[in-house]
Amino acid sequence: MQTLLFALEVSLNGFMTGILYALVALGFVLIFKASGVFNYAQGVMVLFAALTLVGLQQGIVPFEHLINNLLGTSIHGFGWNMPTFLALLLTLLTMLLLAWLVEKLILKHLVNQNPVILFMATIGLAYFLEGFGDLMWGADLKKLDIGVPMGISDTVEQATYDWFGYGFFIDRLDITASIVAALLVIGLTIFSQFSKTGRALRAVADDHQAALSVGISLRRIWVIVWSIAGLVALIAGIFWGSKSGVQFSLSLVALKALPVLMLGGLTSIPGAIVGGLLIGVGEKLFDFMVGPMIGGATENWFAYVVALVFLLFRPQGLFGEKIIERV
Amino acid sequence: MKVRKLAISLATIVSLVAPPALADLVIPWLSYRTGPYSPSGIPAADGFADYFTLLNERDGGIGGELVKIIECETGYNTQKGVECYEATKGEGSLVYAPLSTGITYQLIPKVAVDQIPMHTMGYGRTSAKNGAIFEWIFNFPGNYWDGASIAINHILDENGGDISGKKIALVYHNSAYGKEPIKTLEKLAEKHGYELSLIPVDHPGLEQKSQWLEIRRGRMDYVLMWGWGVMNSVAIQEAANIRFPMENFIGIWWSGSENDVIPAGERAHNYKALALHGVGTDYPLYDDLKTYVYDKGLAAGDGSSVGSVLYNRAVYNSALLAEAIRTAQEMHGVSDITPVMMRDGLENLSVTEEVMTSWGLPGFAPPFEVSCENHGGDGLAMVQQWDAEAQEWNIITGLISSDKEVIDPLITEDSTQYATENNITPRC
């Protein structure tokens, strides 16, 4: 009975972690769906968004190290901490500006190029953004605190103790992330179903050429979709950054999103969510049941093995569009 | 005209690629200012550079010779570390300090062939303490096995000498570094009767929910941590999440920097880590650093990491190497020493309280001596504890010794095996 309770607790935590994976995967899906580009820079966008947010919050002057070195000044911050709401707003504006610049400086020049070329361009973007973020905000570790509650939920612990005689651990940060992710998916669904821009996004996703022929501006759509991916990156950055502090490693959360994408499909928003949940629950349960027999640390590779096996039987992922090429 | 232009261009190129002045004492620093481990690599690189800048500015170098630091970026990547070694060894390099156990393992056979000493202060291959076999490797003043034993001795002290039946977990970076203390902890478990659980965390360690659920389910009494980089801060957050008592959570000296505790905020209060040296800037050396380095605008960094644990460790590391250079200069009667002389300097290093006072670091670390047989020092360390309110580490114990009865046979066994595999005849 106790093992069953432990397994249930592990599954619930896997479920919550899966949502955090899905948040990162969502950014990849949005861009791939609208432009056919696998955005290698999505993980770095998470880092860049979190760095910008925490940098503004802590009143750091962008590029202050560079300014000090070049001009011999000794600038160390604005001298005041920016209110979180204002910092969030400015970060969002920065991500919108980034989306506009990406379209203007990169994508515009690569229209009709092979998808591999676009993928290569995002690799370049990732490494540029990584260095640019460091230069802008500094490479030191920063504590991100925007008031998201953290730590064990007493309510869940007490309730499960009353029911089962064993109090479950659920992190309040994970609960908040789940609610935000649910709202985000609902918001994105409403946007894509009921707004004119959303319908244009879907049209582009379905068929670029047909969308262009009815007067939809592909470039405008790209800016919008990269902006939305920027918003998703900011949300993912807030939750992952609150857990670990904001530093370079944050960009590595993308590694957690890849098996989710392989499982859920690159073109489906529900796929990203379901894929995230399956990977989250699967890796935690596997580590709980099999990990102790083989020395633990199974999570990283297990997720990829599941995704790989899945690819063999359903290459387009759970919810992805079946690729049919007629000769 | 064309010939003249060509000659000028060639002369420019030659001047750019010319090796450093031969009189310089060249020390490469394999740094990582980029990549996932950069928050730890940056303060260390700054501390190392700042100390030698001080010696150059204040004393005109060591024994009249200027010190030249060659920083080579590895990104904490083993392959890049080896490339850095190959690229810099021909520059007259006296000693290597790779700040990475992975890179250390790759360089051990290489430095033996090239006859260049390597100092891995508190990291690397533990059994390199046996200088009779590892002629070119030094890991003083302490090693991982000392660390494991010191942590257990601290727990023993807290429990009146009896920890039989206690549940102790080791949360470790799933790499050569993280696995180092396992054998020692297993031997100590046999001796003291505690129950050891091994809980690995894969690189980079951003997600550790499974590990901490296991610790919660297992109702562990103590958790030891061998982590690095983001793994440390996430582990401390997760420990706080499950309300694990922080005073029972003890990290190795590489899991005890400000970077590790700050993300958890006040919830990291009372977290402990082992300390090879003192904390803060309350030492005369820092006055000199301010006068000769920071105020002159010669600091390697922006000054934000001055006095942090990793900055201090690198300052200590460079002070030890500088002392070894002095020793070598005195032994051989020359100021422009060679790597072989540097090996002699390291091997005859004597760090007394007087010596540390002369550095401007009185009482900073335990005194110790190095010899041909013992390249690892005495293996003493303290315990430091995080005060989240004051945002500072405090040393809470005196010097704690490791259990040589357990560790020495392990070192002999491991180093002898290495000697057999590599046809090395013990030299002293």
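In this predicted model, the largest nonpolar core holds 229 residues, and the members that touch the most others are A22(A), L23(A), A25(A), V46(A), A50(A), V225(A) and V223(B). Domain 1 (20-142 + 280-378 + 410-421) and domain 2 (144-275) of chain B each supply residues to this core, so the core lies between them. L23(A) offers a handy place to start looking around this core. Leaving aside residues up to four places away in sequence, L23(A) touches A177(A), A181(A), V232(A), I235(A), A236(A) and F239(A).

Helix α2 of chain A deserves a look next. Every position counts here: 16 of the 16 residues of α2(A) are buried, so this helix is largely enclosed by the rest of the structure. Its length also fits expectation, because 16 residues at 1.5 Å a residue should span 22 Å and the end C-alpha atoms of α2(A) are 23 Å apart. Just after α2(A) comes G59(A), with a positive phi of about 70°. A little further along is F63(A), in the loop between α2 (42-57) and α3 (64-71) of chain A. F63(A) also has a positive phi, of about 60°, although it is not a glycine. With 16 other C-beta atoms within 10 Å, F63(A) is partly exposed, because a residue needs 20 or more such neighbours to count as buried and 12 or fewer to count as exposed.

The two chains meet in a contact that draws 34 residues from chain A and 34 residues from chain B. On the side of chain A that touches chain B, the elements giving two or more residues are α1 (2-35), α10 (218-244), α12 (269-289) and α14 (299-313) of chain A. The most come from α1(A), which gives five residues. By character, this side of chain A divides into 13 nonpolar, eleven polar and ten charged residues.

P263(B) gives a close-up that takes in both chains. This proline lies in the loop between α10 and β9 of chain B. Beyond residues up to four places away in sequence, P263(B) touches L141(A), K143(A), S244(A) and G245(A) from chain A, along with S233(B) and Q237(B) from chain B. P263(B) counts as buried, with 26 C-beta neighbours inside 10 Å. Within chain B, P263(B) and I236(B) are 27 residues apart in sequence, yet their C-alpha atoms are 8.7 Å apart in space. N270(B) is found in the loop between α10 (258-261) and β9 (272-275) of chain B. N270(B) counts as partly exposed, with 15 C-beta neighbours inside 10 Å. N270(B) is not a glycine, but it has a positive phi of about 80°.

Turning to the layout of chain B, this chain is divided into domain 1 (20-142 + 280-378 + 410-421) and domain 2 (144-275). The C-alpha centres of these two domains lie 28 Å apart. Where they meet, 15 residues of domain 1 are in contact with 21 residues of domain 2. On the domain 1 side, two or more residues come from each of α2 (38-59), α4 (101-114) and α12 (309-332) of chain B. Helix α4(B) gives the most to this side, with three residues. The domain 1 side divides into eight nonpolar and seven polar residues, with no charged residues.

Among the elements on that side, α12(B) can be described further. Of its 24 residues, 20 are buried, so α12(B) is largely enclosed by the rest of the structure. The span of α12(B) agrees with expectation as well, because 24 residues at 1.5 Å a residue should span 34 Å and the end C-alpha atoms are 35 Å apart. Just after α12(B), G333(B) takes a positive phi of about 70°.

Chain B also contains cis peptide bonds worth checking in the viewer. The bond from F140(B) to P141(B) is cis, with omega near 10°. P141(B) is found in the loop between β4 (137-138) and α5 (144-158) of chain B. A cis peptide bond also joins H203(B) and P204(B), with omega about -5°. Here the proline, P204(B), is placed in the loop between β6 (195-201) and α8 (209-218) of chain B.

Methods
Residues are numbered from 1 along each chain as its sequence is written. Chains are lettered from A and ligands numbered from 1 in the order in which they are written. This is a predicted model: local features need pLDDT of at least 70, side-chain atom pairs count only at pLDDT 80 or more; totals for chains, interfaces and linings use all residues. Two residues are in contact if their C-beta atoms, placed from the backbone, lie within 7 Å. Helices (H or I, at least four residues) and strands (E, at least two) are DSSP runs, numbered from the N terminus. Ala, Val, Leu, Ile, Met, Phe, Trp, Tyr, Cys and Pro count as nonpolar, Asp, Glu, Lys and Arg as charged, and the others, Gly among them, as polar. Domain bounds come from an automatic or database domain assignment. The expected span of a helix is 1.5 Å times one less than its number of residues. A nonpolar core is a set of buried Ala, Val, Leu, Ile, Met, Phe, Trp, Tyr and Cys residues joined through C-beta atoms within 7 Å.
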